[in-house]
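Please open the model in your viewer and keep the selection panel at hand. The tour below goes from a whole chain to a pair of helices and then to a single residue.

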Amino acid sequence: MTEEALPIPVLEVRDLVRHYRLPRESLFAEPGHVYALNGVSFEIQKGKSFGIVGESGCGKSTLARNVMALENTDSGSVKILGKEVVGLNFDQLRPHRRHFQMVFQDPYGSLDPHHTVGRIVAEPLAALGSISKAEKQRRVAEVLQSVGLKEHDVEKYPHEFSGGQRQRIAIARALITHPELIVADEPVSALDVSVQAQVLNLLKDLQEEFGVTYMFISHDLAVVEYLCDEVAVMYLGEIVEKGCTEDLFRTPAHPYTKILLDAVPKPGAGIRRDRIKLKGNVTGQTEQRIGCAFQDRCPMVEDICRKAKPPLDPVGDTHLAACHFSARLLEKA
Amino acid sequence: MTLLSVQDLTVTLATNDGPARAVRDLSFTLEKGETLGIVGESGCGKSMAALALMGLLPSMSKTTGRINLDGKNLLEKTETEMCRIRGNRMAMIFQEPMTSLNPVHTIGHQIMEPLRLHKGLSDDDAHKETIRLLDRVGIPNPKARIDNYPHQLSGGQRQRVMIAIALSCKPHILIADEPTTALDVTIQDQILDLIQTLVREDGMALILISHDLGVISENTEKILVMYGGAAVETGRTDRIFEELVHPYTQGLFAAMPRLGRARSKRLVTIPGTVPDLISLPAGCTFTDRCPLATDICRETPPPVIEVKGQHFVACHHVEEARARKTEELFS
């Protein structure tokens, strides 16, 4: 990629911080905090898919909620199409919301069972101000068709659809305002394999057709590899590795990425392979530590990791990693 | 003698819309220490088959066929007799560690329950044994953890407690129904590793149920692929992955995004959705979604054909399915 005048990124996140306060354990004790996001920065160019992976508890969903301006951000900046959304109030955000929409994980919980599909899908249009009934109907029919549903489905209720079809309805609802950015939080993890493939292909087709940009959150690395141009790996509220999908998956420069990739079971591989295994699970969200976030579980940990926090430094053209020993890992690969 | 032999197991559920055949004519055997994987999507009958083995089906269901454990048919046992087998000779791990543990009892209490019931241990002995079990399944500091409630544990730890309960009476058969579906890959790795170690050390037989071909491939010796309540392909794991034959197995494998595969390529999709169990065709259950389907498939149940040593496929068009590549089949 060349340095010459890049267009404004669809999404630009800078040093995003979000800490949740815990209830006080006693009257006089200082309340603790959950350090959910500790300075996350990235940007997504138009028409690209950006994947975010990590275990549960790493801050993926908090990031999605903050990008979508669904909760207050502590500090940092989120620019969508160059416009800052952090600090705007509800009314100021409303006209801007047409540019960014969200698809949720659970297609059973995210659609109101009392409303018809037509009403569910048309709801975001309210953000566009008053709009004629005929125009509304035309756009609902159009968007339902583009996600592979039928025009007469507007009369039906969510319970009449299967999981995959419901997720199509959720995607239609996100698409109806012609957004630039769609934030998808685990959109296929509740679906069966054969249905998951249909929805993934649909997401790809829609991107080709409308040039929409995705921020795609998933714990399934294979799904991210299939769909995304760029990937960021998160651990304890920080990005520990970022790069284009091919580089990052072929030559991971952070031990956590390598371990995650190794942990994915591969069909046809036969007996379990030899590999590094990770002990325990993600802990330490409630403490601010000195040094590397991954130090407690890292198989390569040395003294320096406990003293100095590794910066997210370039290890390749577009490939960044936050590890003191990235060079060593890349050499071995 | 074969440890477990299932013959023509059929489960019919009475629903408001008529009888639903959740499992039809399922047959397989399991030797001591053997591992069997059951693969399929939701609604294919894999969990129903597991519940039938455990005698835990809802009362509005009818089960026919034979489930022989050490030569004795479990379907002829009374509920009291089943209570002595369940949790003792056969134990099960469920998918949702959150909902399958009782939130108002400590985990210690829940692990001690089968020990007192089946083994007749005293409170003291049961307590000691429970600490040993918690240690065995890798819960740190078991002496303190024994008095924890399920909500105080993480998802992976809860699944470890489920495994401890299942193992408490040293069962001969362990049935694990999607034991890692709700967990992260790294935790999944730990749990599967633990199950493997326990199976190896105790010589238990394992039935592992999953929709993930990767999980099944790495953890079992034999596979049974289910679709619409029926087995469509069975055989040794390594043989099956050498050559996937049934159109459904081929489609399922190709529909899975896999690491290291070219990104530009589209995923193969199987058209349509999982069938409604009430209105299944009389013949092959995959007829409506199969690219090779002809009239005979809809009317006549497919013959079971041995493709190659101990690799069986239930299909009318085995030769065609083998000749044509997956991409060609679903395009």
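With 331 residues, what radius of gyration would a compact globule have, and what does chain B have? A compact globule of that length would have one near 20 Å, and chain B agrees with this at 21 Å, the radius being taken over C-alpha atoms and the globule rule being 2.2 Å times the number of residues to the power 0.38. This is a predicted model, in which local features need pLDDT of at least 70 and side-chain atom pairs count only at pLDDT 80 or more, while totals for chains, interfaces and linings use all residues. Residues are numbered from 1 along each chain as its sequence is written, and chains are lettered from A and ligands numbered from 1 in the order in which they are written.

Stay with chain B, which has 13 helices and 12 strands (DSSP runs, H or I of at least four residues for helices and E of at least two for strands, numbered from the N terminus).

Next, select residues 255–263 of chain A, which form helix 9, together with residues 185–202 of chain B, which form helix 7; the two pack at an angle of about 55°, with their axes 8 Å apart (axes are lines fitted to C-alpha atoms, for helices over the stretch in contact, and angles run from 0 to 180 degrees between N-to-C directions). Here A:I259, A:L260 and A:A263 meet B:V185, B:T186 and B:D189, contact requiring C-beta atoms, placed from the backbone, within 7 Å.

Finally, select B:I305, which lies in strand 11 (residues 304–308) of chain B. Leaving aside neighbours within four places in sequence, B:I305 is in contact with B:F312, B:V313 and B:V318.

Terms used:
Contact = placed C-beta atoms within 7 Å.
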